[in-house]
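Notebook open, structure loaded. I want to walk through the fold, then a few residues, and jot down what I find.

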Amino acid sequence: MTQKKNSRWKNIKMRFYDIIQKQIKQDKPQKVALGCSLGVGINFFPTMGFGFVFAYLLAVLFRVNRTSATGTSIITGPVIPFMYALNLVIGGLILSPIAGSENIGEFIIDQYTTILQLGNLQDRISSALEFFGSTFMVGALVNASVFGFAFYLLVSNKLKNM
């Protein structure tokens with residue numbers, strides 16, 4: 001019984017990988033690479049767990065490889081907390097001189113303190129919107145652009161060498 005169950009699972013797994021490989025090999029390397037860069041870039045923005053859905057919809061809209069966009073978004077999902085922290089650092093580096101703050105560490109701590117404030121619901125909503133406001137979004141735009149472009153170059157180079 002166990003042998004039959006294992007072979008069935010192995011068969012399903014092999015079919016799944018075959019479908020993905022066919023989807024990726026059917027498209028031009030540029031479209032696959034653009035899908036991957038879109039999948040990485042979308043995860044820098046707060047999508048509340050639906051990044052892969054947005055990646056798929058944007059891939060359809062921009063006519064790039066849907067499989068690579070969705071797959072890359074799912075694969076990079078576990079590192080989202082690090083992506084968000086990087087958003088704050090980069091956004092803080094850009095905006096802290098504008099805010100008049102000398103120390104980037106203090107600026108980032110102030111940002112986290114803002115979102116973790118205790119109080120009534122209206123104050124917490126306001127602090128959350130401030131957190132996902134300028135500092136975070138500036139960092140997200142910069143990081144999504146830089147990492148998306150880097151992923152595009154990496155994947156397109158890898159696919160051309162295949």
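Before listing any neighbours, I fix the term: a contact means heavy atoms within 4.5 Å. I also remind myself that this is a predicted model.

**Entry 1: a residue in helix 8**

I started with N143, which sits in helix 8. Is N143 buried or exposed? N143 comes out at 4% relative accessibility, and I call it buried because the cut-off for that is under 20%. Leaving out residues up to four places away in sequence, I get F44, M83, L86, N87, I90 and G148 as what N143 touches. L86 turns up again when I look at polar atoms: the side chain of N143 reaches the backbone oxygen of L86 at 3.4 Å.

N87 also came up when I checked M137, another residue placed in helix 8. The C-alpha atoms of M137 and N87 are separated by 7.3 Å, with their positions 50 residues apart along the chain. M137 counts as partly exposed, at 29% relative accessibility.

**Entry 2: the whole chain**

I stepped back to the overall picture. How many helices and strands does the chain have? I count 8 helices and 0 strands, so the element string, read from the N terminus, is just α-α-α-α-α-α-α-α. Of the 162 residues in the chain, 30% are buried. I looked at contacts with a separation of 6 or more, and 68% of them join residues 24 or more positions apart. The chain exposes about 11100 Å², and carbon and sulfur atoms supply 66% of that.

**Entry 3: helix 2**

Next I took helix 2, residues 29-42. Helix 2 has 14 residues and spans 20 Å from first C-alpha to last, close to the 20 Å expected at 1.5 Å a residue. Why do I describe helix 2 as largely enclosed by the rest of the structure? Because 10 of its 14 residues are buried. I wrote them down: V32, A33, G35, C36, S37, L38, G39, V40, G41 and I42.

**Entry 4: the loop after helix 2**

I moved on to the loop between helix 2 and helix 3, where I find M48. M48 has a phi near 55°, a positive value in a residue other than glycine. I get 63% relative accessibility for M48, so I log M48 as exposed.

F50 is placed in the loop between helix 2 and helix 3 (51-62) too. F50 has 48% relative accessibility and counts as partly exposed. I also checked F50 against S73, 23 residues apart along the chain, and their C-alpha atoms are separated by 9.6 Å.

Both M48 and F50 showed up again when I looked for nonpolar surface. They belong to a nonpolar patch together with F52, V53, F54, Y56, L57, V60 and I74. I noted about 860 Å² of accessible area for the patch as a whole. Which helix gives the most to the nonpolar patch? Helix 3 does, with 6 residues.

**Entry 5: between helix 3 and helix 4**

R63 lies in the loop between helix 3 and helix 4. I flagged R63 for its backbone: phi is near 55°, positive in a residue other than glycine. R63 is exposed, at 66% relative accessibility.

I then looked at how helix 4 begins. N65 caps the N-terminal end of helix 4, with a side-chain oxygen 3.0 Å from the backbone nitrogen of T67.

**Entry 6: helix 4**

Helix 4 covers residues 66-75, and I find T70 in it. T70 has a relative accessible area of 17%, so I mark T70 as buried. Not counting residues up to four places away in sequence, T70 touches F52, A55 and Y56. F52 and Y56 are names I had already written down for the nonpolar patch.

Which residues of helix 4 are buried? I have S68, A69, T70, T72 and S73. I then asked what covers them, and the cover includes helix 2, helix 3 and helix 8 (134-160). That brings me back to helix 8, where N143 is found.

Notes: Residues are numbered from 1 along each chain as its sequence is written. This is a predicted model: local features need pLDDT of at least 70, side-chain atom pairs count only at pLDDT 80 or more; totals for chains, interfaces and linings use all residues. Side-chain values use heavy atoms; hydrogens and water are left out. Helices (H or I, at least four residues) and strands (E, at least two) are DSSP runs, numbered from the N terminus. Buried means under 20% relative accessible area, exposed over 50%, partly exposed in between (1.4 Å probe, protein chains only). A polar contact is a pair of N or O atoms within 3.5 Å; within protein, one must be able to donate a hydrogen and the other to accept it, and residues adjacent in sequence count only if both atoms are side-chain atoms. Accessible areas come from the Shrake-Rupley method with a 1.4 Å probe; for residues, only the protein chains shown count as cover. Patches are made of residues with over 30% relative accessible area and no salt bridge: like charges are joined within 9 Å, nonpolar side chains (Val, Leu, Ile, Met, Phe, Trp, Tyr) within 5 Å. A salt bridge is a side-chain nitrogen of Lys or Arg within 4 Å of a carboxyl oxygen of Asp or Glu. The expected span of a helix is 1.5 Å times one less than its number of residues.
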